[in-house]
Amino acid sequence: FRIMAGKVKWVTDIEKSVLINNFEKRGWIQVAENEDWNFYWMSVQTIRNVFSVETGYRLSDDQIVNHFPNHYELTRKDLMVKNIKRYRKELEKEGSPLAEKDENGKYIYLDFVPVTFMLPADYNLFVEEFRKNPSSTWIMKPCGKAQGKGIFLINKLSQIKKWSRDSKTSSFVSQSSKEAYVISLYINNPLLIGGKKFDLRLYVLVSTYRPLRCYMYKLGFCRFCTVKYTPSTSELDNMFVHLTNVAIQKHGDDYNHIHGGKWTVSNLRLYLESTRGKEVTNKLFDEIHWIIVQSLKAVAPVMNNDKHCFECYGYDIIIDDKLKPWLIEVNASPSLTSSTANDRILKYNLINDTLNIAVPNGEIPDCKWNKSPPKEVLGNYEVLYDEEMAQSDGPDRDLRSRSGQSTGVKGNRARDSGKPVLTTWK
């Protein structure tokens, strides 16, 4: 039978060997690379071809693929922000308490993405915002690239002149040849450990968007910069200070090839519990989980929820020095390449647990099954959100969760007692 469909260009031989070993371990099939259909982990480019109107291909019931057709609604930086903004507006129109704002007009519960504009389209809006606080730093990222490519920081309007500005109107000239960028307010007060900036890479598996059912992988990790952080404008060009991407940091003089500049999430929890306290740490991770669920809810209405699809996303979260988490971006193809021995073990287990949920017990896939695997096959995953279960708890479930109250599925903690309780939104 067939679980992954189509020929694909593998990113690295390491990724290929880990995946193939995992497939063969199940006794599903011997991989023969000269055949048209095999066990393949599809790239984001290949998935477009499979679901393209022009190709006319239709997946059979025993074929399951590892991307949703329009995953980019969440994983393209500009579309992610667009969909979250739309989600906020819709909640406002509905009068949802989740869309409540403070006296300054800021969202109380939905302020988890840095202020962001699209360039060149939103150039004038960006200038207006920039002039409110001209000492601020902004980060520019190409919409369709990964691994830190094309990213740079600015703190002056003159630094983005190369994006073709019309001198008469002081507005951008939209050119089809110009690559689309997002420009976001830079989080210049990140939480530092050992004086260095870091972010979180968390893995989230979505088995279906309607109803939304997603799982959090317990074994995420922190990615550290190799050079100590400074907000000094003289270091804006030093990416070893500002960007945590391993693809960049591995070229630094101080990069450690043994631990790869990585910490496990469990180590981060221990550190925060010992320095900030257990209650504050639990609150932080509850907020991170809540952010992830809200981002998935934001794209669920527009996602093509094909029954043959599942997806393992790589979430990038930054924590500031006030322990407020910020969603930076979501990756459709989080790297499966190993940079350390521990990395290889983690990612092998990630693939194993992901496939056990996508195809429980290694049985022949059937895209018509209800996608509710038994608890014993979850491995290192835990249920993050189950929409069917949430709906049975009433429409104000999300708000009660965000406010720290408790009812629902086991996993969160009450703020007053510190004892494990049922959360409101899992």
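This dialogue reads a nonpolar core and a helix packing in a predicted model.

Student: What should I keep in mind about numbering and confidence?

Tutor: Residues are numbered from 1 along each chain as its sequence is written, and side-chain values use heavy atoms, with hydrogens and water left out. Because the model is predicted, local features need pLDDT of at least 70 and side-chain atom pairs count only at pLDDT 80 or more, whereas totals for chains, interfaces and linings use all residues.

Student: Which residues touch the most other members of the largest nonpolar core?

Tutor: In soluble globular proteins, nonpolar side chains tend to be buried together. A nonpolar core here is a set of buried Ala, Val, Leu, Ile, Met, Phe, Trp, Tyr and Cys residues joined through side-chain atoms within 4.5 Å, buried meaning under 20% relative accessible area with a 1.4 Å probe, protein chains only. Of the 61 residues in the largest one, Leu74, Tyr209, Leu296, Tyr313, Tyr315 and Leu327 touch the most other members. Helix α9 (residues 278-299; helices are DSSP runs of H or I, at least four residues, numbered from the N terminus) gives the most, with 10 residues.

Student: Why does this core lie between domain 1 and domain 2?

Tutor: Both domain 1 (7-70) and domain 2 (193-391), with bounds from an automatic or database domain assignment, give residues to this core, so it lies between them.

Student: At what angle do α4 and α9 pack?

Tutor: Axes are lines fitted to C-alpha atoms over the stretch in contact, with angles from 0 to 180 degrees between N-to-C directions. α4 and α9 pack at about 90°, their axes 8 Å apart, and are therefore roughly perpendicular, a term covering 65 to 115 degrees.

Note on methods
Buried < 20%, exposed > 50% of the residue type's maximum accessible area, 1.4 Å probe, protein only. Helix = DSSP H or I, 4+ residues; strand = E, 2+ residues; numbered from the N terminus. Parallel < 35°, antiparallel > 145°, perpendicular 65-115°, else oblique.
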